[in-house]
Structure formats: structure tokens, C-alpha cells
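This briefing is intended for a reader who is meeting the structure for the first time. Please look over the sequence and the model before turning to the points below.

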Amino acid sequence: MTLLPPPPPPPVITPCIGVCQLDGDGLCDGCLRTGPEIAAWGSMSHEQRVAWIEQVQPLRERQRQ
């Protein structure tokens with residue numbers, strides 16, 4: 001029996017668009033994450049990142065309008 005190598009990890013996704021400045025509400029002008037969210041991003045699982053992008057980011061985009 002031949003063992004196959006494990007599948008590669010999913011790509012690291014990020015909402016960062018390179019506009020990195022926190023506004024008066026503590027949200028990044030580019031990605032709408034808070035400072036603590038930005039700091040925690042590297043330790044979040046792929047699933048947690050996807051959930052943030054699908055759930056939190058759209059809510060904050062609507063609140064910004």
C-alpha cells in the first residue's frame with residue numbers, strides 16, 4: 001500500500017488591501033478589521049478566516065455606508 005502525502009494546506013486568505021490605517025472607531029480603513037483582529041489573524045484557522053470574511057466584513061461594510 002502506498003501512502004499519499006497529505007494535501008497541502010489551504011492558502012492563507014486575508015481581507016488586507018494594503019491600506020493599513022485605523023480610523024477613529026478602531027477599524028482599519030482598508031480591511032475593516034480591528035487592531036486585535038489584525039493581530040490574531042495569523043493564528044486563526046482557515047475556517048475562522050473564511051467565517052470572518054463572509055460574516056463580519058459584509059456587516060462592517062454595510063455599517064460604513
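The points that follow are grouped by topic, from the overall form to individual residues.

The model is a predicted one. Its secondary structure amounts to two helices and zero strands. A search of the whole structure finds two salt bridges and zero disulfides.

**Overall form**

- The radius of gyration of the protein is 15 Å, whereas a compact globule of 65 residues would have a value near 11 Å.
- Taken along the principal axes, the box filled by the C-alpha atoms is roughly 60 × 20 × 15 Å.
- Of the 65 residues in the protein, 20% are buried.
- The protein exposes about 4900 Å², and carbon and sulfur atoms supply 60% of that area.
- Among contacts with a separation of 6 or more, 40% are between residues 24 or more positions apart.

**Salt bridges**

- In general, side chains of opposite charge can pair when their charged atoms come close.
- One of the two salt bridges in the structure joins D23 to R64, with the closest N and O atoms 2.1 Å apart. This pair links distant parts of the chain, since D23 lies in the segment before α1 (35-40) and R64 lies in helix α2 (residues 46-64), 41 residues apart.
- D23 counts as partly exposed because its relative accessibility is 22%. R64 also counts as partly exposed, because its relative accessibility is 35%.
- E37 forms a salt bridge with R60, and the closest N and O atoms of the two are 2.6 Å apart. Here too the pair links distant parts of the chain: E37 belongs to helix α1 and R60 to helix α2, with their positions 23 residues apart.
- Both partners of this bridge, E37 and R60, are buried.

**A buried arginine without a salt bridge**

- R33 is placed in the segment before α1.
- R33 is buried but has no salt bridge; the nearest side chain of opposite charge is that of E37, 6.3 Å away. That distance is beyond the 4 Å within which a salt bridge is counted, so R33 and E37 are not paired in this way.
- Leaving aside neighbours within four places in sequence, the contacts of R33 include T14, P15, C16, L22, G26 and L27. Also among them are C28, I38, W41, W52 and R60.

**P15, Q57 and L32**

- P15 is found in the segment before α1, and it counts as buried because its relative accessibility is 8%.
- Apart from neighbours within four places in sequence, P15 is in contact with C31, R33, W41, W52, I53 and Q57.
- The C-alpha atoms of P15 and S43 are separated by 15 Å, the two residues being 28 residues apart along the chain.
- Q57 is in helix α2. Q57 counts as buried because its relative accessibility is 13%, which is under the 20% limit.
- With neighbours within four places in sequence left aside, Q57 is in contact with P15, C31, L32 and W52.
- L32 is found in the segment before α1, and its relative accessible area of 6% is why it counts as buried.
- Phi of L32 is near 70°, a positive value in a residue other than glycine.

**Cysteines**

- A disulfide is, in general, a covalent bond between the sulfur atoms of two cysteines.
- The search of the whole structure finds zero disulfides. C16 is in no disulfide, and the nearest cysteine sulfur, that of C20, is 4.0 Å away.
- C16 counts as partly exposed because its relative accessibility is 36%.
- The sulfur of C28 has its closest cysteine sulfur in C31, at 3.8 Å, which is too far for a bond because a disulfide requires sulfur atoms within 2.5 Å.
- C28 counts as buried because its relative accessibility is 4%.

Terms used: Residues numbered from 1 in each chain as written. Predicted model: local features only at pLDDT ≥ 70, side-chain atom pairs only at ≥ 80, totals over all residues. Heavy atoms only, no water. Helix = DSSP H or I, 4+ residues; strand = E, 2+ residues; numbered from the N terminus. Buried < 20%, exposed > 50% of the residue type's maximum accessible area, 1.4 Å probe, protein only. Contact = heavy atoms within 4.5 Å. Rg over C-alpha atoms; globule rule 2.2 N^0.38 Å. Areas by Shrake-Rupley, 256 points an atom, 1.4 Å probe, with all protein chains shown as cover. Lys, Arg positive; Asp, Glu negative; His and termini not counted.
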